[in-house]
Amino acid sequence: MGQTKHPGPIKATKMPQPKHWVSPIPFGLGKVKPKHIRDTMKIAWENKDNIGYATRILTQGVCDGCALGVSGLYDQTLKGPHMCTTRLNVLRLSTMPAIKKDILHADIDELRKYDSTELRKLGRIPYPLIRRKGERKFSRISWDEAMEMIASKMRKLNPRQYAFYLTSRGITNESYYVAAKVARFLGANNIDNASRICHSPSKTALKRSIGVGASTANYQDWFGADVLLFWGSVASNASPVSTKYMLEAKKRGTKIIVVNPYKEPALDKYWIPSNMESALFGTKLADDFYQVNIGGDIAFMHGIMKHWFDMEKKEHGSAINHQFVQEHVNGYEDLKKYVQSQSWDEIIKSSGITRERIIELAEVLANSKNAVYAWALGLTMHSFATDNISQVANLALLRGHLGRKYNGLMPFRGHSSVQGSGEMGADPFVLPGGGFDEKTVERIEKVWGFEVPKWQGDICGVTLENIVLPEDNERKIKLYYMSGGNFLETMPDPIFIEKALSELEIRVHQDIILNTSTLVDAKEAVIVLPAKTRYEQDGGGTSTSTERMVYFSPEIEGNKNFIEEARSEWKIYIDLAKRVKPETAHLVDFKSGQEIRNEIAKANPDYDGIQHLKKKGDVFQWGGAWLCEGGICPTPDGKGTLIPVEIPDLGKKEEQFILTTRRGKQFNSMIYKEIDPFNAAERNDVLINPVDAQELRIAEGEAIVVYNGFGVFQGKAKYADIARKNLGVHFPEGNFLLPRGRYEKFAGIPDYNITVNVEKADRFNARKDVQYNEKHIEDLDIDAPA
């Protein structure tokens, strides 16, 4: 069966529909909402010294913000120009001048007074820098000296003793691919990337459920689905242009349902700046909210399926798509038996949703011919995340919501080209176009012409822990090579992370800006390498969107604040390979971006087509419009598999709360506003249900302490529409409460949810003197129970 091709952008519905308006009062006056127009003016002012270049980035480049894939001002979903504040916020990273020398070479303690936001605003890294042990400031170093120092260290180390990490900061497929190839060429499998921390469970779950780890649908499938279900996602905050698609879907009759502990205001009401009707009157996005407990999603879905099987008893075919199940699905009887054995009491207790409400959603889905299931970090950042997502796949498979128009499973990715990072092999469990299995290794060795190391590489959380292993341990990490990223502000247990980073012998930060982790000491040296941005990359570059569209972004000329010594990331990796293993480095040498794309097309068969992307606006979609088209999955027997998953036990005591981390006005760990424009929450506010707060006699705005055996967080209570016994704190501020060493069992991402106690600050502090809550610091205390 041939693949159906994506039709390209379609026209939006022009006719205003007042039934979706938030309010007839223009511009949402008097409401808590983002000030998009004011923000845009501020950003234009910020870029005034380089406005021509800023404009060219916006009109010619592929967005380096979210993963929707806007190329210039246009995308493949809706006709007309698209623009959002997330993209405008990251614009300055590409247009700003270099850091002033007197600040850059100031005493390290002076630099440490800046937080990451202030460091970012200082400007770009102008040239390679070094700070050796005992030195108080960074000094300038030549590229040659810097690279020679890194290479000579690598030559001395066992390749198991160094690790690579690539962030999601506008890195292109070409850079991911070359980094993945160079790491393996040097004999190292410790290579990881930011997308794996966020969405690897989506991949592991979809692989085992339907045989492929990517979104099976397109954004256009929202326009005509009966239901668009957002699970643990605040798409409007992470990817604002998606609100345009939501509005279009609503105008065409789609019902939007959100499952999330907190009734996120940005999914309730939104003012879409690039749509005149919505900019004036706002849009009510979600039709319904199900405020599930943190970690209660599996139980909630068991409840939906349990009701479906009850419906089936009364009338065959009233809830299950039997023809689809029979032709395309394995494991039906086992799942049915397992779901029916679950008790309603357990389902209600774990999910926090009443039986009536569960039945309501079950019947909506049973009556929906078409549905798209989209999810984000609310489902992926748990220790049982793979099970969460296989459970979503169970729903889609039972209803046949897969492999055709208006249907599908969509991991909603936050950053531009993170979809490509694993597909290029920058991940310890994958090689380009496959896993780390014997067949893929053999195939890649033929393409690459050298032997790939066979030992299993570690994920970044484990490599960070391995820095503190005893000196003679062969897995002790002594050199860490980072392309962007800030572990101090993204990983659990920042106190440990700082200690680990300072125990590295050499730490390399290949980046465009400084951040707090760049300023941590190292045993021998910290080396900082200035990278080019995506828009400066020699020969242009490509990125892959959530819907598997591969876009070409050209090299953009005319940067007034051009950084003379910055280099393309892929070129730096090739230079490194030539220095560490000069005799065979011709095997990883590329002369141009085009050469890299030609090889990617061979190394990852899905990407056959990338070699033809050469100019602004060029795009192709791998896999066609729908994966699993016609219900046929890329599995050995062509069928999807239903997987029974158990309800997780979070080990929560009666008086405890479950805490999750959320983002405000930020791009990953880059914070743009101290106050969230959607709910007016400050960075240290703790979202708490008013009934819970009143039971603890906590007033709104009162100082409170959230604590557990891992850490203490002091903040202020903010009353919010959040499920009872659930708390929300901002990431990264709340990371001190999260233990290290607690990973998802299949994908290995850290768990960003934890049980905690809450108390008034004065009561906690009075009690602390009597029975002080000692923080676990023993290094052996890694296997922390949930």
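What is the volume of the largest pocket? In this predicted model, the largest pocket has a volume of about 740 Å³. Of the 37 residues that line the largest pocket, Lys203, Lys207, Gly213, Val430 and Gly434 are the closest to its centre. Two or more lining residues come from each of helix 9 (194-210), helix 21 (418-423), strand 13 (430-431) and strand 14 (434-435), and the largest share, eight residues, is given by helix 9. By residue class, the lining of the largest pocket divides into 17 polar, 11 nonpolar and nine charged residues.

From the pocket we turn to helix 24, which spans residues 494-502 and in which Pro494, Phe496, Ile497, Ala500 and Leu501 are buried. Seen down the axis of helix 24, these buried residues fall within an arc of 155 degrees, so they line one face of the helix. The general geometry of helices is relevant here: an α-helix has 3.6 residues a turn, so residues three or four places apart point the same way. The elements against which the buried residues of helix 24 pack are helix 23 (460-466), strand 15 (479-483) and strand 16 (506-511).

Several loops also deserve attention for their backbone geometry. In the loop between strand 18 (541-544) and strand 19 (549-553) lies arginine 548, whose phi is near 70 degrees, a positive value in a residue other than glycine. Arginine 548 counts as buried because its relative accessibility is 0%, with under 20% as the cut-off for that term. Alanine 680, in the loop between strand 24 (670-671) and strand 25 (685-688), likewise has a positive phi, near 60 degrees, in a residue other than glycine. Alanine 680, however, has a relative accessible area of 36% and is therefore partly exposed.

Another backbone feature is found at proline 732, in the loop between strand 28 (726-730) and strand 29 (753-760), where the peptide bond from phenylalanine 731 to proline 732 is cis, with omega near 10 degrees.

Finally, the loop between helix 26 (593-603) and strand 20 (619-621) contains glycine 609, which is buried, with a relative accessible area of 11%. Computed along the chain, so to speak, glycine 609 and glutamine 621 are 12 residues apart in sequence, while in space they are 8.6 Å apart from C-alpha to C-alpha.

Note on methods. Residues numbered from 1 in each chain as written. Predicted model: local features only at pLDDT ≥ 70, side-chain atom pairs only at ≥ 80, totals over all residues. Heavy atoms only, no water. Helix = DSSP H or I, 4+ residues; strand = E, 2+ residues; numbered from the N terminus. Buried < 20%, exposed > 50% of the residue type's maximum accessible area, 1.4 Å probe, protein only. Arc of directions from axis to C-beta. Contact = heavy atoms within 4.5 Å. 1 Å grid on protein atoms, 1.4 Å probe; cavity = no way out; pocket = protein on both sides within 12 Å on 5 of 7 lines; lining within 4 Å. Points joined across faces, edges and corners; volume = space filled by probe spheres on them. Nonpolar A, V, L, I, M, F, W, Y, C, P; charged D, E, K, R; others polar.
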